[in-house]
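Open the structure in your viewer and keep the selection box ready. Each stop on this tour says what to select and then what is there.

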Amino acid sequence: MLNYDNPKLVIETAKLEPGSITWRSPSNLAIIKYWGKYGLQLPKNPSISFTLENAFTQTTLEYAPKVNLEQGIELEFFFHDEPNEAFQKKTTGFLERLSGIFPFLRQLKLTIRTQNSFPHSAGIASSASGMSALALCLCSLEDELFSSLNEDEAFDQKASFVARLGSGSACRSIFGTLAIWGESSDVEGSSNLFAIPYDEQIHDNFKSFHDDILIVSTGEKGVSSTAGHALMEENPFAQPRYLQARQRFSLLLTALQKGDLDAFGKVTENEALTLHALMMASNPSYILMRPNTLKLIELIRAYRRESKQPVYFSLDAGPNLHVLYPEGVIHEVRPFIESELVPFCEESLWLPDWIGEGPVQI
Ligand code: PMV
């Protein structure tokens, strides 16, 4: 079993110059959804996602030697330039939990400055981009202090492992284009512990896909993803769901390799609706879609029927809609989105996005 705990990663603080590290890391959209977990953020089924480009978090980690070495993690946290107590507490707890992996964190005074590319509380999930950006900063800091992660593959794997501990889906954001997380006999090297990139076998149809995000509601979600995963434990449909996810995962890989848009669309939309059906079948049950989510789904399906254009929708654990289509049809589809769909968004809010190349160090 992979174990990153390493008590040797301690520094001589007297010799340390203060410094900073910045990473920009994107959000991702799961096509086959991860919903249900066990142990330490381990997935019940394999998932596969598109890495986005425009929806990202940029995080700077500043470090300096600590004066009082007795204390645990010493952290200041700024979100969009404002001190943020809730994030400070949550992140301090997370870094405490990581102190077996990165013991040097307790020797440093840390400041995190982070911001999202999308409007604050736009209702776009930021845990994947936020946790992956932080994990990348931590791995870069380790490498800077100990030159221990200079091979790209080892660096990415550790960053993905650490991001997973913060938020499961964040482990997929470390890689551009498409990423797979969760053991599957279909994909060599796949693991429950970290994600792996999956771009070489993808048909060109899927390499320049659009994923526009329509904001139906900017409101806080009534039930968090953490609570949602927990509800899967008693969900009577959980076991058939995990089986279904594995079957669909195989089916989707074939569609991605062949460039089969129709098969891709069927699986993608059904996955989105299955995720929400599982929420509705939980005890207590809950609904995260809003009336306009359904309206938009109907409009997209009607447009597809009439125009025969390959346009599909997906949903995350929230009311906002992702509109997916290949680059080749943008001139027909964009005007439809702007004139027919955007009026159903909250304050006409939407974010054009597409498959991206993954995180960048700034
Ligand atoms: O990473 P979490 O714990 O926020 O779970 C996210 C789960 C979904 O976004 C609904 C699906 C997925 O695979 O990203």
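The tour starts at the ligand, moves through some strands, and ends at single residues. Keep in mind that this is a predicted model.

**Stop 1: the ligand and its shell**

Select the ligand, then show the residues around it. How many residues surround the ligand? There are 14, and the closest are Y34, S167, S169, R172 and H229. Sorted by class, this shell holds five nonpolar, six polar and three charged residues.

Where does the ligand lie with respect to the domains? Colour residues 13-200 as domain 1 and residues 204-351 as domain 2. Both domains give residues to the shell, so the ligand lies between them.

Now select R172 together with the ligand. A polar side-chain atom of R172 is 2.7 Å from an oxygen atom of the ligand. Next select S167, where an N or O atom of the side chain is 3.1 Å from a ligand oxygen. Then add G168: here a polar atom of the backbone lies 3.5 Å from an oxygen atom of the ligand. Taken alone, the ligand exposes 380 Å², and the protein buries 92% of that.

**Stop 2: the four-stranded sheet**

Hide the ligand and select strands β10, β11, β12 and β13. They form an open sheet in the order β11-β12-β10-β13, with antiparallel pairing. Which strands stand at the edges? They are β11 and β13 (350-351); each has a single partner strand, so one side of each is left without a neighbour in the sheet. In general, strands of a sheet pair through backbone hydrogen bonds, either parallel or antiparallel.

Begin at one edge by selecting residues 312-315, which are strand β11. Show the side chains: Y312 and S314 point one way, F313 and L315 point the other way, and all are buried.

Add residues 321-326, which are strand β12. β11 and β12 pair antiparallel over four bridges. A hairpin of five residues connects β11 to β12. To look at one matched pair, select Y312 and L324: Y312 stands opposite L324 in β12.

Move to the other edge and select residues 209-214, strand β10, along with β13. These two strands run antiparallel and are joined by two bridges. At this place, L214 stands opposite W350 in β13.

**Stop 3: strand β8 and two partners**

Select residues 178-181, which are strand β8. Are the side chains of β8 buried or exposed? All are buried; L178 and I180 point one way, while A179 and W181 point the other way.

Add strand β4, residues 47-65. β4 and β8 run antiparallel, with four bridges between them. Select I48 to find one of the matched residues: its bridge partner in β8 is I180.

Then add strand β9, residues 195-197. β8 pairs with β9 in the antiparallel sense over three bridges. In this pair, W181 stands opposite A195 in β9.

**Stop 4: residues with positive phi**

Select T177 in the loop between α3 (152-166) and β8. Phi of T177 is near 60°, a positive value in a residue other than glycine. T177 has a relative accessibility of 15%, so it counts as buried, the cut-off being under 20%.

Go on to S348, in the loop between α8 (330-341) and β13. S348 is not a glycine, yet its phi is positive, about 55°. At 46% relative accessibility, S348 is partly exposed.

**Stop 5: a proline pair of selections**

Select N283 and P284, and look at the bond that joins them. The peptide bond is cis, with omega about 0°. P284 is in the loop between α6 (261-280) and α7 (291-307).

Next select P236, in the loop between α4 (225-231) and α5 (238-258). P236 is exposed, with a relative accessible area of 62%. Keep P236 selected and add S348 again. The two are 112 residues apart along the chain, and their C-alpha atoms are separated by 38 Å.

**Stop 6: A230 and K37**

Finish by selecting A230, which is in helix α4. A230 is partly exposed, at a relative accessible area of 42%. Add K37 and draw a line between the two C-alpha atoms. They are separated by 7.7 Å, although A230 and K37 are 193 residues apart along the chain.

Methods
Residues are numbered from 1 along each chain as its sequence is written. This is a predicted model: local features need pLDDT of at least 70, side-chain atom pairs count only at pLDDT 80 or more; totals for chains, interfaces and linings use all residues. Side-chain values use heavy atoms; hydrogens and water are left out. A residue is near a molecule or strand if one of its heavy atoms lies within 4 Å of it. A polar contact is a pair of N or O atoms within 3.5 Å; within protein, one must be able to donate a hydrogen and the other to accept it, and residues adjacent in sequence count only if both atoms are side-chain atoms. Accessible areas come from the Shrake-Rupley method with a 1.4 Å probe; for residues, only the protein chains shown count as cover. Ala, Val, Leu, Ile, Met, Phe, Trp, Tyr, Cys and Pro count as nonpolar, Asp, Glu, Lys and Arg as charged, and the others, Gly among them, as polar. Domain bounds come from an automatic or database domain assignment. Buried means under 20% relative accessible area, exposed over 50%, partly exposed in between (1.4 Å probe, protein chains only). Two strands pair if DSSP finds at least two bridges between them.
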